[in-house]
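This report describes the fold and selected residues of one protein chain. Please consult the sequence and the three-dimensional view shown here while reading.

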Amino acid sequence: MLSASFEVPGLPIGKGRARFGNGRTYTPDKTVNYEANVALAAKVAMAGRAPFEGPVRLTVIAGFPLPKGRRATKNRSAPYWHTSRPDMTN
């Protein structure tokens, strides 16, 4: 089985909704820039190999900083699940 893994630096960014203006549809710049970062990281990880063919399994591990209020608690080792935006569907 072939595999590839890569890391995208920075905080995960949710995909922005398409916008409409001046008679056209466009993707927000923040989304375009983040998608370009993901594509570049994937290209580097593939190191010139051909794209995968057939079904692909994808696992995403997204890391977020603790909220400010959570940092002051005594039990910093207690699990914390990210429950705000971006969510896993975006």
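Thr 31 counts as buried because its relative accessibility is 5%, where buried means under 20% relative accessible area, exposed over 50% and partly exposed in between (1.4 Å probe, protein chains only). The model is predicted, so local features need pLDDT of at least 70 and side-chain atom pairs count only at pLDDT 80 or more, while totals for chains, interfaces and linings use all residues. Residues are numbered from 1 along each chain as its sequence is written, and side-chain values use heavy atoms, with hydrogens and water left out.

**Surroundings of Thr 31**

Thr 31 belongs to helix 1. Its side chain reaches the backbone nitrogen of Gly 16 at 2.8 Å. Leaving aside residues up to four places away in sequence, Thr 31 touches Gly 14, Lys 15 and Gly 16; contact here means heavy atoms within 4.5 Å.

**Overall arrangement and confidence**

The protein contains 2 helices and 2 strands, and from the N terminus on these elements run β-β-α-α. Helices (H or I, at least four residues) and strands (E, at least two) are DSSP runs, numbered from the N terminus. Of the 90 residues, 7% are buried. The protein exposes about 8,400 Å², of which carbon and sulfur atoms supply 57%; accessible areas come from the Shrake-Rupley method with a 1.4 Å probe, and for residues only the protein chains shown count as cover. Among contacts between residues at least 6 apart in sequence, 53% join residues at least 24 apart.

The mean pLDDT (the predictor's confidence in each residue, from 0 to 100) is 82, and 84% of the residues reach 70 or more. Confidence is highest in helix 1, at a mean of 92, and lowest in helix 2, at 66.

**Helix 1**

Helix 1 covers residues 29-46, which makes 18 residues, and reaches 26 Å from its first C-alpha to its last, close to the 26 Å expected at 1.5 Å a residue. That expected span is 1.5 Å times one less than the number of residues. The buried residues of the helix are Thr 31, Tyr 34, Ala 41 and Met 46. Seen down the axis of helix 1, these buried residues fall within an arc of 135 degrees, so they line one face of the helix; the arc is that of the directions from the helix axis to the C-beta atoms. On the other side, Asp 29, Leu 40, Lys 43 and Val 44 are exposed.

Met 46, also in helix 1, counts as buried at 15% relative accessibility. Not counting residues up to four places away in sequence, Met 46 touches Ala 4, Pro 51 and Phe 52. Met 46 and Phe 6 are 40 residues apart in sequence, yet their C-alpha atoms are 9.0 Å apart in space.

**Exposed residues outside the helices**

Helix 1 is followed by Ala 47. The phi of Ala 47 is positive although the residue is other than glycine, and Asn 22 likewise has a positive phi without being a glycine. The table places these two residues beside Trp 81.

| Residue | Place | Relative accessibility |
|---|---|---|
| Asn 22 | loop between strand 1 (19-21) and strand 2 (24-26) | 81% |
| Ala 47 | loop between helix 1 and helix 2 | 62% |
| Trp 81 | segment after helix 2 (68-71) | 70% |

The phi values are about 55 degrees for Asn 22 and near 50 degrees for Ala 47. Trp 81 and Phe 64 are 17 residues apart in sequence and 9.3 Å apart in space, C-alpha to C-alpha.

Methods. A polar contact is a pair of N or O atoms within 3.5 Å; within protein, one must be able to donate a hydrogen and the other to accept it, and residues adjacent in sequence count only if both atoms are side-chain atoms.
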